[in-house]
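Q: I'd love a close look at one part of this assembly, and a friendly walk outward from there. Could you take me through it step by step?

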Amino acid sequence: MKGRRVTDDAKRSGFSRRSFLRGGAAGALSGGLAGGLLGGEAAGAAAANDADAAETVGPGAVEIELEVNGAARRLAVEPRVTLLDGLRDRLDVTGPKRVCDRGTCGACTVLEDGRPIYACSRLMIESAGRGIVTVEGLGSPDAMHDVQRAFVENDAQQCGYCTPGFVVAAAALLDRHPDPSEPEIEAGLGGNFCRCGTYKGIRDVVAGGVTGGASRG
Amino acid sequence: MRPFAYAAPATVEQAVSLLEAEGSEALAGGTDLLGLLKDDVERVDRLVALRGVAGLSGIEVDGGALRIGAMTTLQELRDREEAIAALPALAVAIDGVASPQLREMGTVGGDLLQRPRCWYYRRGFGLLALAADGSSMVAAGDNRYHAIFPEGEARFVHPSGLAPLLVALGAEAVVHGPAGERRLPVEALYRAPQAPGERENTLAPGELLAGVEANVGGSRSAVYEVRQRRSLDWPLMTAAVALRGSGTRVELARIVLGHAAPAPYLATAAGDSLAGRELTAETMAAAAEAAVEGARPMSGNRYKVQLARTAAKRALERAAGMEIR
Amino acid sequence: MADYSWPEADRRAQIGARPARLDGPVKSTGFAKYPSDQNPPGLLAARILTCPHAHARIAGIDVSAAEAMPGVRVVQVIQGEGAEIQWAGDEIAAVAAETEDIARDAVRAIRVDYEVLPHFVTEEDRDRAPGASAAGERTEGDPDAAFAAAHRTVERTLGMPQMAHMCLEPHGQVCSWDGDELEVHASTQAVSTLAGQFATELGVPASQVRIRTEYMGGGFGSKFSPDRWGIVGAELAREAGAPVKLFLERDQEVTVAGSRPSAFACIRAAADEQGKLVAWDSDSWGSGGLPGTGQTPLPYVFSRVPNRRLRHTSVPTNLAGSRAWRAPNHPQACFLTMSVLDDLADELGLDPIDFLERNLDLTGRADTYREELAIAAEMASWKERWQPRGRTREGAVQRGLGVSIHTWGGRGHSSNCDVTVHPDGAVEARIGSQDIGTGTRTIVGQVLAETFGLELDQVKVSLGDNVYPQSGPSGGSSTVGGVTASTRRAAQDALREVLVHVAPRLEAEPERLVAEGGRVFVDGDPSRGISWREAAASIGGAPIGVQGRNPGPGRLISSGVGGVQIAEVEVDMETGVVQVERMIAVQDCGLIVNRRLAESQVYGGLIMGVGYALYEEWIPDPVSGRLLNADMEFYKLAGLVDVGSLEVHMMTGPGYEDRGVIGLGEPPVISPGAAIGNAVANAIGVRVPYLPLTPDRVLDALAGRGGPA
């Protein structure tokens, strides 16, 4: 065993709220920086902070709060639990699928603060304070999102196991580019794979006929 | 994954302090590190999340200088028009990560410091993949994706998508550590480990890559990736070039190969061969040939020499605006 | 004797139409609950410890640390001390625990001492294989004399490696016991036959095993049995007294849960001056892992080549045994045969389509192929665009066209279906089949709707449960024929019963009544009719229930199809990178039930075909004996932007539809490897002898070097 064991303090009060607030503030992750990037000013300003303020939590369960498909969810998870496993095993949100579990296949794609990510490669604790939208959050069988309806109409699914990830990725693509060019399709759907071979239908989904992206339900 | 603790510092100083402890590891986008932990290839006691650290993300374009915070995501960089306008080759390098999910999650720092994809390393045989008798599993095994410029027993390739371009540009890495800030050429971030347990980067415990700075003014640069699939796939070979000069006359050329060696491979002889010359089909072909001089392919990756030659030639053509294809 | 048949073409409302699949909305919204999505209360998670060595003997195993971990409920040794392990990834022990992470912690805590033994995993290396066994020689005619007299002969050594099924939903199941009754939510292709296999292993009557598979995430021939992890999962659940979820990790899935056998061959083929095939000699070998592999059916399609000699060697390796892979043996046989014929055509100076046409009498379906070749050639503008091999344009990128043909049986399997008509007009079918993604649920619904003259949303289909009537496993393109035959027969019988009740009211013989457009009326006189609801009400208080059984071939179903595919590729001569630009498929499958789903099957076959033609292969490590790409990173599937533009033409009309329903899952995946390989040869001027057509292999071929990998 190398290194020191850090304190296992599962329920240290305040973490989840602070994490929530901090996560929320950092959520936009926008490009601009107020001060000088990488330079002395930023470092100097930061130096005023006390290093001890960064609390270590876990490895036991830590209470966190996040929004899943519009509903606030509070749960205690170990830091090692991925967003995907937390959604599927703890919250019974099973639309996102675990297929490669290594950030390659796209079956676990969800939106985090509106951006498509691989839920298998994000720790759930990192999503604390953020908004997660899974395929279930886009629409339901009785009230499908335009992209979901287009998947049905274009027969863009067979076994359907890659479909939830593809639907979310396609919705994110169409949100960015309502009428995507070939390079935009390439850039937008290159991170999802299907085994049955439903790409013809999916291509038809994104190439035409869908009027709304992820923001429209 | 084995259990680990977690800390989310707000400042660089906090992060550095946390990272000084043995067993602590920085968590950026997570797309590589989580896989390593799942496969039990690397172990940590504590992850230090950099996502909420102030001052680590952002992009500045200031005249010819481009500064990129390490926690800037690839997609943020791709979407920053001034940055792409200042350095169009960035778009090619970023688009080479053909997955929006990875571009949204992956960071510039994470791309530069991601660990090798060598399938022996990823299966727990170590970065050098030495058998019990000390012989190379890579040399005796399947090395189709491995180095054509191995360094000692380091036969893996560095997978960074951005590093070849940044090295070609002579970019600097900004590193924060317990002793404060230091700057070093991006290529100096890398080394070829020669003993089991050594890493392929030069960061000391507690050090943190804060960002990179490149002077992009007055040079023409380009990236060419040989990829088998258009969808998410590692390049089989990458070449990045940066040219300074006037008209078609080259004063300084830097040609860097990615996926060719344990670190981004600066093909010095190839760059030198163009210095003081005119860019023509002949000089570019000669430079591409020089780029693979000294290549030492193994049993299954001889084809990568040809890919390196082609990638170097096409990157040069692209930078020179003489693309034929 | 009742007459069972499909409606005449002009009276079909559902058969041949393009309705959307019934489960599209639940799948596209993530509401469909797959076996791996089941989270019953009290669920435990299980993980399996596998052997890291390709060949070893277990010298000792210690599970005490795992057992002592908090949250661990059961630890089971699967193969203990003394066991000889024959492939990396074989199961050693299993753990059920309160969370998956704890189960993984416990698996890591199990200590196993292995005595490592020598292994062999290089399937292509027949001469070094310790257990290679020759299957003997089969000769027809006089091949030696025929070769001696032939006008042109080619000799090639070709092959394709083992590859993975790579089902996206891994193999596995959730097992729950209630007393001595077991319920299994299984990701399976065999709902009706699984219970008996579980029962035998677990020592309970099959009547106490319930199998449920509402949805499943792909099988492709690899999910027909409970497998060891299924039995272990049930045992863990029984011992823990709680439900247990056990699905394989991705690396396990790739390594042990399904691969297609390899096929290599040294082939000689010869033709006479008229371009007629006269002789064939093949010396083939291949591996399906530890069991080796049987003879590949050569020469493929052109099985009537007059003078033939066949030899085959089975090469066992220290790799997990192969499983049926979509169209077993056919893609391999097709690639080997069509590559050699394409090279022979080139040797003869013939357009390959012309060459195939000259030899169609050596096949079993000459008329079908001839018609399909003409259509495919037209779609591809072959006559205008095909050029002989060799450089045809400036620059590094060369373009080429290739063609291949294939065949498959596709006869409907054993199937039973219960159809019930309720007095309120509700109609439902219950069938112990499964929808593995092909659209079985929708197809059954269409047959019901067609028979009763209703809309698809007016009928209910229940499947994926072994309490429903037995229906065969979904393999070999046998499902559509089986389920449509049993459903149609049950539905026609049930309708006849309804019509007997209705007849007096319409003052007509029941035989003269028809159900169409939501009404029942006198054939030829629609005004003499009543609504379906009224008709159903006439049956009285009790529903009518009828079971239909597929008795085998008849007017409803048959077997035997032909298909033609053309590929167009671009090859970068300086990098060896191949890009498929276009694929054309012309396919016969008898009577098409759902045109949209049929086309989807063909598109899917083409796409999977691009995958194995260009990217997919198992990469076993000669040093460690482990698979080096048991992941989705270096085991490369084709992505959406890698497959080019796809065009499908389904054969319909007389000569096709009147043969009844024939399966379609397998045929379209057979030809892509051959068609793409031939297109690459056409583009670059030389044969790339080994699939997948990776840059290293293409560059080797261009440099005049052969040899796999």
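Let's begin with β2 of chain A: how many bridges join strand β2 (residues 62-68) of chain A to strand β3 (residues 71-77) of chain A, and do they run parallel or antiparallel?

A: Happy to. Please keep in mind that this is a predicted model. Strands β2(A), residues 62-68, and β3(A), residues 71-77, are joined by seven bridges and run antiparallel. To find your bearings on the pair, look for E63(A), whose bridge partner in β3(A) is A76(A). The two strands make a hairpin with two residues between them. In that turn you will find N69(A), with a positive phi of about 50°.

Now step back along chain A to β1(A), which covers residues 56-57. Here the pairing crosses to another chain: two bridges join β1(A) to strand β1 of chain B, residues 5-7, and the two run antiparallel. Within this pair, V57(A) stands opposite Y6(B).

That pairing brings us to the contact between the two chains. Chain A contributes 54 residues and chain B contributes 57 residues. On the side of chain A that touches chain B, at least two residues come from each of α1 (15-26), α2 (40-47), β1 (56-57), β5 (115-118), α6 (163-176) and α7 (182-189). By character, this side of chain A has 24 nonpolar, 17 polar and 13 charged residues.

Of these elements, α7(A) is a good one to zoom in on. Its residues A187(A), G188(A) and L189(A) are buried. The buried residues of α7(A) pack against α6 and α8 (199-207) of chain A, and also against α5 (89-95) and α6 (100-105) of chain B.

Chain B also touches chain C, where 27 residues of chain C are in contact with 23 residues of chain B. Helix α17 of chain C, residues 695-702, gives the largest share of chain C's side, with three residues. That side of chain C divides into 14 nonpolar, seven polar and six charged residues.

While you are in chain C, have a look at its open sheet, in which three strands follow the order β4-β2-β6 with antiparallel pairing. Strands β4 (84-85) and β6 (111-116) of chain C each have a single partner strand, so one side of each is left without a neighbour in the sheet. Between β2(C), residues 56-62, and β6(C) there are six bridges. One position to pick out there is I61(C), which stands opposite V112(C) in β6(C).

Methods. Residues numbered from 1 in each chain as written. Chains lettered and ligands numbered in written order. Predicted model: local features only at pLDDT ≥ 70, side-chain atom pairs only at ≥ 80, totals over all residues. Pairing = 2+ DSSP bridges. Helix = DSSP H or I, 4+ residues; strand = E, 2+ residues; numbered from the N terminus. Contact = placed C-beta atoms within 7 Å. Nonpolar A, V, L, I, M, F, W, Y, C, P; charged D, E, K, R; others polar. Buried ≥ 20, exposed ≤ 12 C-beta atoms within 10 Å, placed from the backbone.
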